[in-house]
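Here is a set of short questions and answers on one protein chain. Keep the structure open while you read.

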Amino acid sequence: GRDPVRLIIFPEKAERLLLSFESEDVLIANQGGDLRWLSIPGGTELRREKGGGGQAHWVRGDGNYTGSFIGGENHVDWWPFDDGDARKVEVSSSLVDIDSTGQWLAFARGENLFLRNLEDSSQAPRLVAEHPGPVHSPTFHPTSEYLAASDSTGMVSIWSTAPEQTAAVRSFGHSANHAPNLNYDPSGNWLAGATMLEGYPRLLLWDVTAPRGVEPLRLVRSDTNYFGHPRFHPQAPWMIWSGVVDLGFWPLPERYPTVLRAESFRAYDASFTPDGEWLQTATDFELRAWPLAAQNQGNTRELFKVLEGYLGWFPQITIDAAVKHAAVGGWDTSLTLVPLDGGPFREMPEGPDNCVAAAAFSPDGRLLAAAPERLSEEEASAGLPIQIWNLESDEVRTLGVVPGKISSFLGFDDNRHIRW
């Protein structure tokens, strides 16, 4: 909320000004290759160098790499700060990035993503990955151990820069009109992608430490049709996103709502496994498991899917204490037992005579209890029969009818007593 501090006025008002942090208290301001190092917050000019022109600049060591789009291609050049001659480094079909050490250049030719060793020009570029569509924007992780890239098919993938690693570490989908321009935050935990969607600038923020299947945060600006690359504070959890004449400051909290998208179907029920490592969701057509374990181990799993008909209207999920089975029932007369390891599922031999309103496993996982819902007063007068399915013998027996129209809760106190 404090007043802004004017650091410096550049002479060319029409020339785009590019900013980057060298450290927490030093800012590099670049206008057409006129590079100036400024102290923060005082604005004292610490250093001045002349680099080459271009739309992108990477200050590394005793020189400056530049990227310039010429004739539909991105030309990367090296400009020493002394009086030496500039030299051509690479020509790419995409945006490029140079890691923080100045050793590696990431670039693309069509669908192929490459790394070039800038310290040894005799080495041929190394193929890192092949994307399903033309690569748009590669960007290095702060540690240089990973490389993220977007492509024209709507995918963002993260690749290891180690030669022996050939499979993608993570992949994300996006629904943007164009492949987003990517940028990591200094911690490497956030990956930002700036793009246009439905005519407005939109920023997608992926938490790369989140479980697989988590949707990105979507930040939208509806007051402008221009956006710059997002920039992150080197120490504090803040992101800066520029418009035409202003800057938007966005906090990056440690905790935020996590969104899982169940494809195009409506999720009627969700249930955590007792160990807290998985979330099960039920739709009209499928039962899906979402991993919640640390560091993204495993993908979402489709436990089973009904190709014809329905899994049951408004399906509900119950999971046993050993996290071996899920029971799925809904507004029809079936109760389905689904092994969480992906094996074949079983249906209750003699299911409730109406829609399944509640189900519960016994603590030892041997019994499964189910109760129906009575949809009318006439049906309610008949009471609620509670059925017990012995999963070992496959026998079903009915307990005495209990009064009521619906059992909103059904549970075992132990392996012998039930509450409803």
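Q: How many helices and strands does the secondary structure of the protein chain come to?
A: The model is a predicted one. Its protein chain has strands numbering 37. Alongside them, the helix count is 1, giving 1 helix and 37 strands.

Q: What percentage of the residues of the protein chain count as buried?
A: The chain has 420 residues. Buried here means under 20% relative accessible area. The share that meets this is 48%.

Q: What share of the contacts with a separation of 6 or more comes from residues 24 or more positions apart?
A: Take the contacts in the protein chain with a separation of 6 or more. Those between residues 24 or more positions apart make up 36%.

Q: In what order do the 4 strands of the open sheet stand?
A: The pairing in this sheet is antiparallel. Strand 17 (181-184) and strand 20 (217-220) each have a single partner strand, so they stand at the edges, with one side left without a neighbour in the sheet. From one strand to the next, the twist averages 25°. The order is 17-18-19-20.

Q: Which residue in strand 18 is the bridge partner of Leu-182?
A: Strand 17 pairs with strand 18 (residues 190-197) in the antiparallel sense. The two share 4 bridges. In strand 18, Leu-182 has as its bridge partner Gly-193.

Q: Which element gives the largest share of the largest nonpolar core?
A: This core has 13 residues, and Leu-203, Leu-205, Phe-232, Met-239 and Leu-252 touch the most other members. Strand 18, strand 19 (200-207) and strand 22 (238-242) are the elements that give two or more residues to it. The largest share is 3 residues, and it comes from strand 18.

Q: Which residues is Leu-205 in contact with, leaving aside its neighbours within four places in sequence?
A: Leu-205 is among the core residues that touch the most other members. Its contacts include Phe-232, Met-239 and Leu-252. The rest of the list is Trp-190, Leu-191, Ala-192, Pro-216, Leu-217 and Leu-219.

Q: Why is the pair of Tyr-65 and Trp-78 classed as it is?
A: The structure holds 4 aromatic pairs. In this one, the ring centres are 4.5 Å apart. Tyr-65 lies in strand 6 (residues 63-70) and Trp-78 in strand 7 (residues 73-80), 13 residues apart, and both residues are buried. The ring planes stand at 55°, so the pair is tilted.

Q: Over which ring does the charged end of Arg-47 sit?
A: A separate case is Arg-109, which lies over the face of Phe-114, at 5.5 Å from the ring centre. For Arg-47, the charged end is 4.3 Å from the centre of the ring. That ring belongs to Trp-37.

Q: How many of the residues of strand 15 are buried?
A: Strand 15 (residues 155-160) pairs with strand 14 (residues 146-151) over 5 bridges. With strand 16 (residues 170-173), strand 15 pairs over 4 bridges. Both pairings are antiparallel. Strand 15 is mostly covered, with the buried count at 5 of its 6 residues.

Q: Which residue takes a positive phi in the hairpin of strand 14 and strand 15?
A: Across this pairing, Ala-149 stands opposite Ser-157. On the strand 16 side, Met-155 stands opposite Gly-173. The hairpin has 3 residues between the strands. The positive phi, near 95°, belongs to Gly-154.

Key:
Residues are numbered from 1 along each chain as its sequence is written. This is a predicted model: local features need pLDDT of at least 70, side-chain atom pairs count only at pLDDT 80 or more; totals for chains, interfaces and linings use all residues. Side-chain values use heavy atoms; hydrogens and water are left out. Two strands pair if DSSP finds at least two bridges between them. Axes are lines fitted to C-alpha atoms, for helices over the stretch in contact, and angles run from 0 to 180 degrees between N-to-C directions. Rings of Phe, Tyr and Trp (its six-membered ring) pair if their centres lie within 6.5 Å; planes under 30 degrees apart count as stacked, over 60 as edge-to-face and the rest as tilted. Buried means under 20% relative accessible area, exposed over 50%, partly exposed in between (1.4 Å probe, protein chains only). A charge sits over a ring if NZ of Lys or CZ of Arg is within 6 Å of the ring centre and within 35 degrees of the ring normal. A nonpolar core is a set of buried Ala, Val, Leu, Ile, Met, Phe, Trp, Tyr and Cys residues joined through side-chain atoms within 4.5 Å. Contact means heavy atoms within 4.5 Å.
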